[in-house]
Amino acid sequence: MKNEPIVCIVDDDEAIRESLRLLLFADGLRSCAYASADDFLADKRHPDIQCMLLDIRMPGTDGLELFRILSRKHLAFPVIFITGHGDIPLAVSAIKHGAFDFLTKPFREGELIEKVRSAINHQQSTRKHLLELQDIQAKYDCCTPREQDVMRLLAKGSTNKGIADALGISSRTVEIHRAHVMAKMAADSLPALVRMVSLLEQQED
């Protein structure tokens, strides 16, 4: 279990906190728990949280305000709100602003685990995608400006001759730049290179 993701619980109801921790433990998930948003914010030693179960209404700083604070700090994990029936419109609004999902009290054990697992899978997929983007960007930055020009034209489907005409260089020079691009980007094929450039362009948009 020690390698499992950590689910953070923030709820002022001790019985709910303990119930959630037991449910998560039974499903092989580690957890940490806080009695208030203020307690969470005061703790500077947060573990590697990959999902948060957050009560929407609490004394002091409530769940919505904590979510706003985390969002301003570029929230790094999905948040599932725990709500009463009257708070559903608030939870829906929070989802529109980036929350992952919400659970309405009383919730079924299976529903809780399903949403938490879905959030963790989403978090891990997002993290993997970001790491891949960072790796591609680092390789792209190692290319010279001319190599970057050649790369982008290659990704658009231009031939060596077309690239040579567009950049005002010889086809032989294009071949040399192309070889350098493939090596620096660690691309084993042109389709692989096209995919990398596409990811970079999506990031720019």
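A residue with over 50% relative accessible area is exposed, one under 20% is buried, and one in between is partly exposed. By that rule Asp-12, at 37%, is partly exposed. The model is predicted. This briefing covers a charged surface patch, the largest nonpolar core, the salt bridges, and some backbone details.

**Negative patch**

- Asp-12 is one of four residues in a surface patch of negative charge; Asp-13, Glu-14 and Glu-18 complete the group.
- Asp-12 sits in the loop that runs from strand E1 (6–10) to helix H1 (14–26).
- The relative accessible area of Asp-12 is 37%, which is over 30%, so Asp-12 meets the exposure cut-off for patch residues.

**Nonpolar core**

- The largest nonpolar core holds 23 residues.
- Those that touch the most other members are Cys-8, Val-10, Phe-40, Met-52, Leu-54, Leu-66 and Phe-81.
- Two or more residues come from each of E1, strand E2 (30–34), helix H2 (37–42), strand E3 (49–55), helix H3 (63–72), strand E4 (79–83) and helix H4 (88–96).
- H3 is the top contributor to this core, with 4 residues.
- In soluble globular proteins, nonpolar side chains tend to be buried together.
- Leu-66 belongs to helix H3.
- Leu-66 has 0% relative accessibility, so it counts as buried.
- The C-alpha atoms of Leu-66 and Ala-35 are 13 Å apart, with their positions 31 residues apart along the chain.

**Salt bridges: the overall count and a long-range pair**

- The structure contains 13 salt bridges.
- One of them joins the side chains of Asp-87 and Arg-57, with an N to O distance of 2.5 Å.
- This pair links distant parts of the chain, 30 residues apart.
- Asp-87 lies in the loop between E4 and H4, while Arg-57 lies in the loop between E3 and H3.
- Asp-87 has 9% relative accessibility, under the 20% limit, so it counts as buried.

**Salt bridges: helix H6**

- Asp-149 and Arg-146 form a salt bridge, and their closest N and O atoms are 3.9 Å apart.
- Both residues are in helix H6 (residues 145–155); because they are 3 residues apart, about one helical turn separates them.
- Asp-149 is partly exposed, at 35% relative accessible area.
- Arg-146 is also partly exposed, at 32%.

**Salt bridges: the Arg-72 network**

- Glu-65, Arg-68 and Arg-72 form one network through salt bridges that share partners.
- Within it, Arg-72 pairs with Glu-65, the closest N and O atoms being 3.7 Å apart.
- Arg-72 is part of helix H3.
- Arg-72 has a relative accessible area of 57%, over the 50% limit, so it is exposed.
- Its partner Glu-65 has 28% relative accessible area, so it is partly exposed.
- From Arg-72 to Ser-93, the C-alpha separation is 17 Å, for a pair 21 residues apart along the chain.

**Backbone details**

- The peptide bond from Lys-105 to Pro-106 is cis, and omega is near -10°.
- Pro-106 falls in the loop between strand E5 (101–104) and helix H5 (109–141).
- Ala-186 has phi near 55°, a positive value in a residue other than glycine.
- Ala-186 is in the loop between helix H8 (171–184) and helix H9 (190–204).
- At 51% relative accessibility, Ala-186 passes the 50% limit and so counts as exposed.

**Pro-5, before strand E1**

- Pro-5 is located in the segment before E1.
- Pro-5 has a relative accessible area of 6%, so it is buried.
- Pro-5 and Asp-48 are 43 residues apart along the chain, and their C-alpha atoms are separated by 7.4 Å.

Technical notes. Residues numbered from 1 in each chain as written. Predicted model: local features only at pLDDT ≥ 70, side-chain atom pairs only at ≥ 80, totals over all residues. Heavy atoms only, no water. Patch = residues over 30% accessible without salt bridge, like charges linked within 9 Å, V, L, I, M, F, W, Y side chains within 5 Å. Areas by Shrake-Rupley, 256 points an atom, 1.4 Å probe, with all protein chains shown as cover. Lys, Arg positive; Asp, Glu negative; His and termini not counted. Charge placed at Lys NZ, Arg CZ, Asp CG, Glu CD. Buried < 20%, exposed > 50% of the residue type's maximum accessible area, 1.4 Å probe, protein only. Core = buried A, V, L, I, M, F, W, Y, C linked by side-chain atoms within 4.5 Å.
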